[in-house]
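Here is a short set of exercises to work through with the model open beside you. Each one gives a task, followed by a solution in steps.

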Amino acid sequence: MLEVRNLAKRFGGLAAVDGASLDVAEGEIVALIGPNGAGKTTLFAAISGFVRPDAGSVRFDGAEITGLAPHLICARGLTRTFQIVQPFETLTVRENIAVGAHLHRPARREALAHAEAVARRVGLGHRLDQPAAGLTVAARKRLELAKALATDPKLILLDEVMAGLNPTEVDEVVSIVRSIRDSGVTILLTEHVMQAVVSLAERVYVLANGKVIAQGSTASVTSDPKVIEAYLGHGAAERLRSRKEASHAS
Amino acid sequence: MSARIAGCVLLAALLVVPFVVRSEFWLSFWLLVLMFAFLGQAWNVLGGYAGQFSFGHALFFGGGAFGTAILQVRHGLNAYLAGAVAIALTALVGGVLGYLIFRYRLRGAYFALVTLAFAEVARVLIASFEYTGGGFGMLVPLAHGAANFQFSDRRIFYLIVWALVAGGCLIALWLEGSRFGAQLIALRENEDGAQALGVDLVRTKVLALMLSAAMAATVGVFYVQNFLFVDSHIAFGPAMSIEALLVTIIGGMGTIFGPLFGAVLLHAVGELAKQITGNAPGLNLVLYGVLLILALRFLPNGLAGILGRKPKPVRETADA
């Protein structure tokens, strides 16, 4: 459904994304992980049209979407959430979600009704008339999810929707994300909360320094020496293994 | 909600004016207030709802005023046709200008400066050519009659402008309950967030600017039909641009009746100051300034804000 090939984006001398490729098939939940500064957010921005990639291609649903404006990509059914949430502060929760609902629903009444239904799905049903500016972090994350969901996407890119949440809240969002997938929406997410990655993702890509350095199941990826080194530094895998062997020996 | 009720009451009261007020002076005064209220509403569409603060709405007011004057005087067009063409052309100019401005992502202070610059360029250009009336301005020949959109009875004209203001409030009401308005407000609140939800930034803002320009041009056309005279200083001068944004900011940006509240208050105070000070030159402007400062300091949501439609939301927590 989504094919990213050799995508590259430089900011001045820094290669934020450096020839990254990944695939997401319909109905999957795929995670993109990597240390801070690996280029995850830039890769998302390049896929969703917010930054124009310098090289490479993005295909969605069989069509080339590289470099299209964000609203056109969204209209094709690929939308994103932001790591730093982007609510419409003075609007209520209902009105916020309705902006997304309006994409395929010109009538105000229909958009508001759909917004209400979506709010219920993400557990914001009791906050419909509250202004977005007054929401807690957890509620803002849900609102971010709800706005994207209201556009009736085929694929959602979730950029750290669980960052800053406590474990209980993470569990709640995990089950919301799973229910979104079960309703037929494909999901590509970045996340630092490994609890969420492990319980959600069927496949994982690991990004470091703008390159995909590993992919596969969560278990295989987390034991990959390249991944350990990307997170913990050069030589870390070696030291970990020797320590493990030492503890086995004793 | 009470701001809306107050707005409706005020609008109704203004409808009664021509039947009660006998003095030609006061009728003209209230007529001008209504025109500025609609000019403010034009600014409100772009500044209040779309969050793009223009400092050059005189460009569109002047476009309408000079457009209709030139078409009538130089080309002998009928007043109605001339007015309609002038409004359409000004909207088109707004569209082209808007496309250039928004395509290149000019916002905030840059947007304000660019609009101011275009209005100033227009002011100088219009004053430089014989065809546009040069330094004298343009006089539309007096010819009373409904066919020429000139009325010897000013009350008729007053009622037409009143209907225009009521129409302006309906436009704002439509914005608040339509997809287009929702998209404009979303862009005002958060451009990235809106685009991620499929809002076409350039198209939406350009349409808002065109609507705003057409409304401001309409005021220009009515101004000419009322005074039968316009020059480049009146039409394109910064005073007109400031008028448009001042009444709206004081009255309440992004509200249906804000521009009307602002226009009534500002001009009532200004006129009062003139009467009290015996026309001491410039004193009403000092009052304008003081009022603006007070409004900005104490009324972030304008007069419509004190009437209490939406209390400023309070954050529950300090967010990251």
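**Exercise 1. Place A:Glu160 in its surroundings.**

Step 1: A:Glu160 sits in the loop that runs between strand 7 (155–159) and helix 6 (167–182) of chain A. Helices (H or I, at least four residues) and strands (E, at least two) are DSSP runs, numbered from the N terminus. This is a predicted model, in which local features need pLDDT of at least 70, side-chain atom pairs count only at pLDDT 80 or more, and totals for chains, interfaces and linings use all residues. Residues are numbered from 1 along each chain as its sequence is written, while chains are lettered from A and ligands numbered from 1 in the order in which they are written.

Step 2: Count the neighbours. A:Glu160 has 22 other C-beta atoms within 10 Å, so it is buried. The cut-offs are 20 or more other C-beta atoms within 10 Å for buried, 12 or fewer for exposed, and partly exposed in between, with C-beta atoms placed from the backbone.

Step 3: List the contacts. Leaving aside residues up to four places away in sequence, A:Glu160 touches A:Gln83, A:Thr190, A:Glu191 and A:His192. Two residues are in contact if their C-beta atoms, placed from the backbone, lie within 7 Å.

Step 4: Compare sequence with space. A:Arg80 is 80 residues from A:Glu160 in sequence, and their C-alpha atoms are 11 Å apart.

**Exercise 2. Describe the fold of chain A and its open sheet.**

Step 1: Chain A has ten helices and ten strands. Its radius of gyration is 19 Å, close to the 18 Å given by the globule rule for 250 residues, so chain A is as compact as a globular protein of that length. The radius is taken over C-alpha atoms, and the rule is 2.2 Å times the number of residues to the power 0.38.

Step 2: Of the 250 residues of chain A, 47% are buried. Among its contacts between residues at least 6 apart in sequence, 63% join residues at least 24 apart.

Step 3: Now trace the sheet. Four strands of chain A make an open sheet with antiparallel pairing, in the order 2-1-4-5. Strand 2 (14–24) and strand 5 (63–64) of chain A are at the edges with a single partner strand each, so one side of each has no neighbour in the sheet. Two strands pair if DSSP finds at least two bridges between them.

Step 4: Look inside the sheet. Strand 1 (residues 2–11) and strand 4 (residues 55–60) of chain A run antiparallel and are joined by five bridges. A:Arg5 has A:Ser57, in strand 4 of chain A, as its bridge partner.

**Exercise 3. Which parts of chain A touch chain B?**

Step 1: Start with the totals: 33 residues of chain A are in contact with 25 residues of chain B.

Step 2: At least two residues each of this side of chain A come from helix 2 (70–75), strand 6 (78–80), helix 3 (93–101), helix 4 (108–121) and helix 5 (137–149) of chain A. Helix 2 of chain A gives the largest share, four residues.

Step 3: Sort by type. The side of chain A that touches chain B has 17 nonpolar, eleven polar and five charged residues. Here Ala, Val, Leu, Ile, Met, Phe, Trp, Tyr, Cys and Pro count as nonpolar, Asp, Glu, Lys and Arg as charged, and the others, Gly among them, as polar.

Step 4: Take one residue from chain B. B:Gln195 lies in helix 8 (residues 191–196) of chain B and touches A:Pro70, A:His71 and B:Leu201, not counting residues up to four places away in sequence. With 24 other C-beta atoms within 10 Å, B:Gln195 is buried.

**Exercise 4. Why is helix 7 of chain B described as largely enclosed?**

Step 1: Ten of the eleven residues of helix 7 (residues 179–189) of chain B are buried, so this helix is largely enclosed by the rest of the structure. Among them are B:Leu184, B:Ile185 and B:Leu187.

Step 2: Find the cover. It includes helix 3 and helix 4 of chain A, together with helix 2 (24–49), helix 6 (154–176), helix 8 and helix 9 (201–227) of chain B.

**Exercise 5. Judge the confidence in chain B.**

Step 1: Chain B averages a pLDDT of 89, and 95% of the residues score at least 70. pLDDT is the predictor's confidence in each residue, from 0 to 100.

Step 2: Among the elements of chain B, helix 9 has the highest mean pLDDT (96) and helix 13 (residues 283–298) the lowest (78). Over residues 311–320 of chain B, pLDDT stays under 50. Where pLDDT is low, the predicted coordinates should not be read in detail.

Step 3: For the model, the scores are ipTM 0.89 and pTM 0.89.
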